[in-house]
Amino acid sequence: MEKKLLLGDEAIALGALHAGLSGVYAYPGTPSTEITEFIQLHPLAKERNVHRRWCTNEKTAMEAALGMSFMGKRALVCMKHVGLNVCADPFVNSGMTGVNGGVVVLVADDPSMHSSQDEQDSRFYGKFAMIPTFEPSSQQEAYDMMEAAFDYSEQQCLPVLMRVTTRMAHSRAVVEVKGEARPENEMNYNAAAANWVLLPANARKRNDKVTAQQAQLEEDAMASPFNSLTLSGKAPLGIIASGIAYNYVKETLSNVGVTTSLSTREGSGVSLLKISQYPLPKKLVRQLLDNCEKVLVVEEGQPFIEEQVRGVFESQNILGRLTGELPRTGELTPDCVAAALANAGVSTPLATREGLGVSPLVAARPPQLCQGCGHRDVYTALNEVLKEYENPRVFGDIGCYTLGFLPPYRAIHSCVDMGASITMAKGAADAGQWPAVAIIGDSTFTHSGMTGLLDAVNENANITVIISDNLTTAMTGGQDSAGTNKFEAICRGLGVEPEHLHVVVPLPKNMPEITRILREEINHKGVSVIIPQRECIQTFKRHAKQKRTLPQTPPL
């Protein structure tokens, strides 16, 4: 064994490589991005030629992983929580097809919405799709779980959902790792078409089989080494904790000297049930409830466990997010867990500490577009032109350029999900709005914007589309963008008229040309596309530095 200091994301990536991974499929999204980046740079991935290119979106990632599984090899799919919405169709259906080679779908949730639109809890997707779900409570467990998850996926012939949260993904800890990696699976032809062709006659049989598997999945969760129940006599308080919240509970209890070990003296400690593998192990919950007067459920995200415990056992002594002991929204912290334990009868000085939360002395510093960013010039030109019109509306999208909503630009009026800018602009134009402008980034356009543009072209919607192309997926750190140098060809292929398709360079010296084109295309009654194209200032600096450090070839 070897010890390494790893991010949670890095522990997951290394665990997957050591488990015999043959391919990682992902679209960058915080806080999951570092998993794929770690695999891309790891020597073992290069030696084995593990697939590690970025995908166009999460749906294509999931489907490609299923293709690798079909041939018997192990595949990892990575995304943030809202990406699971994008790949929901193949993800849910993968529970029906089952798998041949192991498939682990790693989803990084973002409670408190540090870089996201919502606080969605992906554990509900696992329950909905009737597939097992793993939730590590430490970086060590994240590493160990990867091999266990792949093995379990192949044992049950089902994909496995692994759910982490931002703090787990982006915090570091020492992890003991194996010295040698498991060999990759050999390719095989064991996948049965009767399982994978989801015609109703086949799907009904698979639905019966997968439904019948649920009892076994729950029994396996009962016996899982990742779940544990520690009873402390007839304790007044029991705690159910999952994921990183388990660490907050252990930290708080250890700070106040409360034991969670078996005790012969009734009421001398706190009973603790740790849950890291689902379906919910109901027998373990029952044992806890039978030994405690009341139970506090401590979980990151939505009250997923709490609701099930309430629904199954109908107990009035279940405390948690639904009863106000813990905040209903946002991330948990050691402080709020300590306060909840104090309210539940565990005396802890942490809970009475003044200044819980953010100090009022810490000034907020809202993000802004980088100095030298091409999006700045795009918004400057757009605002200059749109002030000539009455009630213009600009529909934005997901990316760095969403910051155009903030001062000094205040240039966009909506931002809902990946690709929504074009279709919302079209819908607004259908309602009679003019001007209706959509602004979308290069990576977002290929992710989810192309189909919206096709709808607009097919109806010749009266909209102006701006594809602000900075030649990278900038918001998540500068990963490759799937459509780089292809956008004109894509737009022509979708039917945009060449005379209403323009490429410009967003620089102050080009403002007269850009504003003229914007004005002309807004006044055009139909679809027009403008592509401001200039490399992200951050990747430009990075590439320039790389060029300076490359060894120079001596002249002949």
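**Sheets, helix packing and salt bridges in a predicted model**

Strand E12 (residues 292–298) and strand E13 run parallel and are joined by two bridges, and within this pairing valine 295 has isoleucine 318 of E13 as its bridge partner. The model in which these strands occur is a predicted one. Both strands belong to an open sheet of five strands with mixed pairing, in which the order is E8-E10-E9-E12-E13. The edges of that sheet are occupied by strand E8 (228–230) and strand E13 (318–319), each of which has a single partner strand, so that one side of each is left without a neighbour in the sheet.

Another open sheet, also of five strands, is arranged in the order E14-E15-E16-E18-E17, and its pairing is parallel. Strand E14 (393–395) and strand E17 (501–504) are its edge strands, each pairing on one side only. On average, and with direction ignored, neighbouring strands of this sheet are turned by 20° against each other. Within the sheet, strand E16 (residues 464–468) pairs with strand E18 (residues 528–532) in the parallel sense over three bridges, and threonine 464 has serine 528 as its bridge partner in E18. Helix H18 (residues 442–458) packs on this sheet, where it touches strand E15 (436–441), E16 and E18, and the direction of the helix makes about 140° with that of E15. Helix H20 (residues 511–523), in turn, lies across E15, E16, E17 and E18 and runs at about 160° to E17.

The loop between helix H16 (374–386) and E14 contains glutamate 390, which counts as exposed at 66% relative accessibility. When its neighbours within four places in sequence are left aside, glutamate 390 is in contact with Trp434 and Pro435. A separation of 58 Å lies between the C-alpha atoms of glutamate 390 and serine 153, residues that are 237 apart along the chain.

Helix H6 (residues 88–97) is largely enclosed by the rest of the structure, because seven of its ten residues are buried. The buried residues in H6 are Ala88, Pro90, Phe91, Ser94, Gly95, Met96 and Thr97, and just after the helix glycine 98 takes a positive phi of about 75°. Helix H6 packs against helix H11 (residues 200–223) at an angle of about 80°, the two axes being 8 Å apart, an arrangement that makes H6 roughly perpendicular to H11. On the side of H6 the contact is made by Gly95, Met96 and Thr97, and on the side of H11 by Ala203, Arg206, Asn207 and Val210. Sorted by class, the residues in the contact of H6 with H11 are three nonpolar, three polar and one charged. Gly95, Met96 and Thr97, which H6 contributes to this contact, are also among the buried residues of the helix.

Side chains of opposite charge can pair when their charged atoms come close. The structure holds 25 salt bridges, among them one between arginine 163 and aspartate 121, whose closest N and O atoms are 3.3 Å apart. This pair links distant parts of the chain, with arginine 163 in strand E6 (residues 160–165) and aspartate 121 in the loop between strand E4 (103–109) and helix H7 (123–129), 42 residues apart. Arginine 163 and aspartate 121 are both buried.

A further salt bridge is formed by the side chains of arginine 286 and aspartate 290, at 3.2 Å from N to O. Because arginine 286 and aspartate 290 are four residues apart in helix H13 (residues 282–290), they are separated by about one helical turn. Arginine 286 counts as partly exposed at 36% relative accessibility, and aspartate 290 is likewise partly exposed, with a relative accessible area of 42%. Salt bridges that share partners join Asp109, Asp121, Arg123, Glu135, Arg163 and Glu299 into one network. Towards the start of the numbering, lysine 4 forms a salt bridge with glutamate 2, the closest N and O atoms being 3.4 Å apart. Lysine 4 is partly exposed at 31% relative accessibility, as is glutamate 2, with a relative accessible area of 41%.

Conventions. Residues are numbered from 1 along each chain as its sequence is written. This is a predicted model: local features need pLDDT of at least 70, side-chain atom pairs count only at pLDDT 80 or more; totals for chains, interfaces and linings use all residues. Side-chain values use heavy atoms; hydrogens and water are left out. Two strands pair if DSSP finds at least two bridges between them. Axes are lines fitted to C-alpha atoms, for helices over the stretch in contact, and angles run from 0 to 180 degrees between N-to-C directions. Contact means heavy atoms within 4.5 Å. Buried means under 20% relative accessible area, exposed over 50%, partly exposed in between (1.4 Å probe, protein chains only). Angles under 35 degrees count as roughly parallel, over 145 as roughly antiparallel, 65 to 115 as roughly perpendicular and the rest as oblique. Ala, Val, Leu, Ile, Met, Phe, Trp, Tyr, Cys and Pro count as nonpolar, Asp, Glu, Lys and Arg as charged, and the others, Gly among them, as polar. A salt bridge is a side-chain nitrogen of Lys or Arg within 4 Å of a carboxyl oxygen of Asp or Glu.
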